[in-house]
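Here are a few exercises on how the chains of an assembly fit together. Have a look at the model first, then work through each task before reading its solution.

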Amino acid sequence: MPTVYITAPRDVAPEIARTLVEERLAACVNRLACDSVYRWDGEVLTDEEAVLLAKTTDERYAALRDRVVDLHPSEVPCIERFDESDILDAFGNWRAESVGEG
Amino acid sequence: MPTVYITAPRDVAPEIARTLVEERLAACVNRLACDSVYRWDGEVLTDEEAVLLAKTTDERYAALRDRVVDLHPSEVPCIERFDESDILDAFGNWRAESVGEG
Amino acid sequence: MPTVYITAPRDVAPEIARTLVEERLAACVNRLACDSVYRWDGEVLTDEEAVLLAKTTDERYAALRDRVVDLHPSEVPCIERFDESDILDAFGNWRAESVGEG
């Protein structure tokens, strides 16, 4: 099952996380505060951001990714997929039941 | 080697993390504060939680997972396994030495 | 593409993160505060640390890993590689452009 790693400005991150769950694209989203250092237009910049870890299913991954692109203020949002090699069955079942055609 | 991703209520997370290391189920656990939004019984809820990232070995993974189920207050705890594709040798060796039949 | 998971003492973590981006070893680094519990010399200890998540490329991974070993105050730094199974194309392209022979 995929965990989708997203970074976003701290002020919009809660709204993105909530929308993904409300629209049944993710069963849950863990949001963590972070500081990011990155290269942009040749300069090294630092921003206060949030990391979102969205728990979804194979079937809903593409729709989740596309929805984040819609919601995200950046032209080039960080959206990455990591797949678990094992998951507690009960949690996996709950996850599958919590997403799906809303 | 597996990193085990666990979420837990903030008040019990330190105890779970410490028990895993004391019982040689994990070599170390990184604990990060997070806010979680999730769907439960048809409602979208938000909780303050912690993410635990437990560093263990192939041999100790199943015992760690089962111990977390024992310790965790939720019926359906988030317990997921992610495997690294590379690890600094010295850290990998220390990790293997730090877990094992206590 | 690799995300490199590093833990470091909170006071040196920002400098390590910035150096990796300035030296074009990582396109960006997300830094998160964490508390770590771990076993060292037979004792269970707790420290305030930071998790660094460095976004790089296959080609730059080994150089990044070796540079972290140089910069890190610990003899046995936690340096682990996780590979994404998918990444937003635009973010992947930016990432590749941002690292490389400085």
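**Exercise 1.** How many salt bridges does the rule find across the interface of chain B and chain C? Then locate the one formed by Lys55(B).

*Solution.* Keep in mind that this is a predicted model. Start with the count: the rule finds three salt bridges across the interface of chain B and chain C. Next, follow Lys55(B) over to chain C, where Glu80(C) is its salt-bridge partner. The closest N and O atoms of this pair are 2.6 Å apart, and the cut-off for a salt bridge is 4 Å. Finally, add the polar contacts: 16 residue pairs, with both residues at pLDDT 80 or more, are counted between chain B and chain C.

**Exercise 2.** Describe the side of chain B that touches chain C by its elements and residue classes.

*Solution.* First list the elements that give two or more residues: α1 (13-22), β2 (28-40), β3 (43-55), β4, β5 (86-87) and α3 (89-98) of chain B. Then sort the residues of that side by class, which gives 13 nonpolar, four polar and nine charged.

**Exercise 3.** What area is buried between chain B and chain C, and which residues of chain B lose the most?

*Solution.* Begin with the total, which is about 2,100 Å², with carbon and sulfur atoms giving 57%. Now turn to the chain B side: Arg31(B), Asp86(B) and Leu88(B) lose the most area to chain C, together 25% of what that side buries. The contact itself takes 26 residues from each of the two chains, B and C.

**Exercise 4.** In which sense do β2(B) and strand β2 of chain C pair, parallel or antiparallel?

*Solution.* The pairing is antiparallel and extends over four bridges, with the chain C strand covering residues 28-40. To place one bridge, take Val29(B): its partner in β2(C) is Val37(C). For a second strand pair, go to chains A and B, where two bridges join β5(A) to β4 (residues 79-83) of chain B, again antiparallel. There, Ile87(A) stands opposite Glu80(B).

**Exercise 5.** What turn lays chain A on chain B?

*Solution.* A turn of 120 degrees does it, with a shift of 0.0 Å along the axis and an RMSD of 0.0 Å. The two copies are therefore related as by a three-fold rotation axis. The copies use different surfaces, as 12% of the contact residues of chain A recur in chain B. To find the axis from chain A, look for Leu32(A), the residue of that chain that comes closest to it, at 4.4 Å (C-alpha).

Technical notes
Residues are numbered from 1 along each chain as its sequence is written. Chains are lettered from A and ligands numbered from 1 in the order in which they are written. This is a predicted model: local features need pLDDT of at least 70, side-chain atom pairs count only at pLDDT 80 or more; totals for chains, interfaces and linings use all residues. Side-chain values use heavy atoms; hydrogens and water are left out. Copies are superposed by least squares on the C-alpha atoms of residues with pLDDT of at least 70 in both. Contact means heavy atoms within 4.5 Å. Two strands pair if DSSP finds at least two bridges between them. Buried area is the accessible area (1.4 Å probe) that two parts lose on being put together, summed over both. A salt bridge is a side-chain nitrogen of Lys or Arg within 4 Å of a carboxyl oxygen of Asp or Glu. A polar contact is a pair of N or O atoms within 3.5 Å; within protein, one must be able to donate a hydrogen and the other to accept it, and residues adjacent in sequence count only if both atoms are side-chain atoms. Ala, Val, Leu, Ile, Met, Phe, Trp, Tyr, Cys and Pro count as nonpolar, Asp, Glu, Lys and Arg as charged, and the others, Gly among them, as polar.
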